[in-house]
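Me: I've got a structure open and I keep tripping over the labels people put on residues. Can we go through some of them and see where they come from?

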Amino acid sequence: MTFVVTDNCIKCKYTDCVKICPVDCFYKGPNFLVIHPDECIDCALCEPRCPAQAIFSEDEVPPDMQEFIQLNVELAEIWPNITEKKDPLPDAEEWDGVKGKIKDLER
């Protein structure tokens, strides 16, 4: 089992989860983070640390966000690894909680 970053991370990109990850399985894009499913050890430390509540266990990803399971797989293969906490995007607070941000995902 793995954890999955979903819609609410887009345009927020908080990295509190990265700081706590014991295996450095997060990868960063321009405005979104993903978890590499083959590297995640299912420790569950990241989920409660996400200020945007955008991380779910794979078996608990909401039905309307199932596409994020495959998206994490695909993007973790091409984006660079991130191992340190960084500042969130400048307007993260404005985007936190906005629904349907998949159209705003920058690859």
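Me: Let's start on the surface. What makes Q53 count as exposed?

Reply: Its relative accessibility in this predicted model is 64%. The label "exposed" needs a value over 50%, so Q53 counts as exposed. You'll find Q53 in the loop between α2 (46-49) and β4.

Me: And what is the phi of Q53?

Reply: Near 50°, a positive value in a residue other than glycine. K11 also has a positive phi, about 70°, and K11 is not a glycine either. K11 sits in the loop between β1 and α1.

Me: Why is E58 called partly exposed?

Reply: E58 comes out at 29% relative accessibility. Buried would need under 20% and exposed over 50%, so with 29% E58 counts as partly exposed. Its place is the loop between β4 and α3.

Me: What does E58 touch, leaving aside its neighbours within four places in sequence?

Reply: M1, T2, F3, V4 and I69. As for F68, ten residues along the chain from E58, the two C-alpha atoms are 9.6 Å apart.

Me: Now the aromatics. How do you know that F32 and W79 form an edge-to-face pair?

Reply: Two numbers do the job. The ring centres are 6.4 Å apart, and the cut-off for a pair is 6.5 Å, so F32 and W79 pair. Their planes stand at 80°, and anything over 60 degrees is edge-to-face, so that's the name this pair gets.

Me: Where in the chain are those two?

Reply: F32 is in the loop between β2 and β3, while W79 is in the loop between α3 and α4 (92-95). They are 47 residues apart, so the pair links distant parts of the chain. The structure holds two aromatic pairs, and ring pairs link F32, F68 and W79 into a cluster.

Me: Are F32 and W79 buried or exposed?

Reply: F32 has 0% relative accessibility and W79 has 7%. The limit for buried is under 20%, so F32 counts as buried, and so does W79.

Me: What stands out in the largest nonpolar core?

Reply: This core has 35 residues, and those with the most contacts inside it are F26, F32, I35 and I55. Elements giving two or more residues include β1 (3-5), β3 (33-35) and α3 (67-76). The largest share, five residues, comes from α3. I35 alone touches a long list beyond four places in sequence, including F3, V5, F26, C46, I55 and A76.

Me: Which residues are closest to the centre of the largest cavity?

Reply: C21, C25, C40, C43 and C46, out of 13 residues that line it. The space in there is about 60 Å³.

Me: What makes twelve of the lining residues nonpolar?

Reply: The class goes by residue type, and Cys is on the nonpolar list. The lining of the largest cavity divides into twelve nonpolar, no polar and one charged.

Me: How many cavities of 30 Å³ or more are there?

Reply: Two. The second largest has a volume of about 50 Å³, and its lining includes V5, K13, Y14, L33 and I55. By class that lining has nine nonpolar, no polar and one charged. Lys counts as charged, so K13 is the charged one there.

Key: Residues numbered from 1 in each chain as written. Predicted model: local features only at pLDDT ≥ 70, side-chain atom pairs only at ≥ 80, totals over all residues. Heavy atoms only, no water. Core = buried A, V, L, I, M, F, W, Y, C linked by side-chain atoms within 4.5 Å. Buried < 20%, exposed > 50% of the residue type's maximum accessible area, 1.4 Å probe, protein only. Helix = DSSP H or I, 4+ residues; strand = E, 2+ residues; numbered from the N terminus. Contact = heavy atoms within 4.5 Å. Phe/Tyr/Trp six-rings, centres within 6.5 Å; stacked < 30°, edge-to-face > 60°. 1 Å grid on protein atoms, 1.4 Å probe; cavity = no way out; pocket = protein on both sides within 12 Å on 5 of 7 lines; lining within 4 Å. Points joined across faces, edges and corners; volume = space filled by probe spheres on them.
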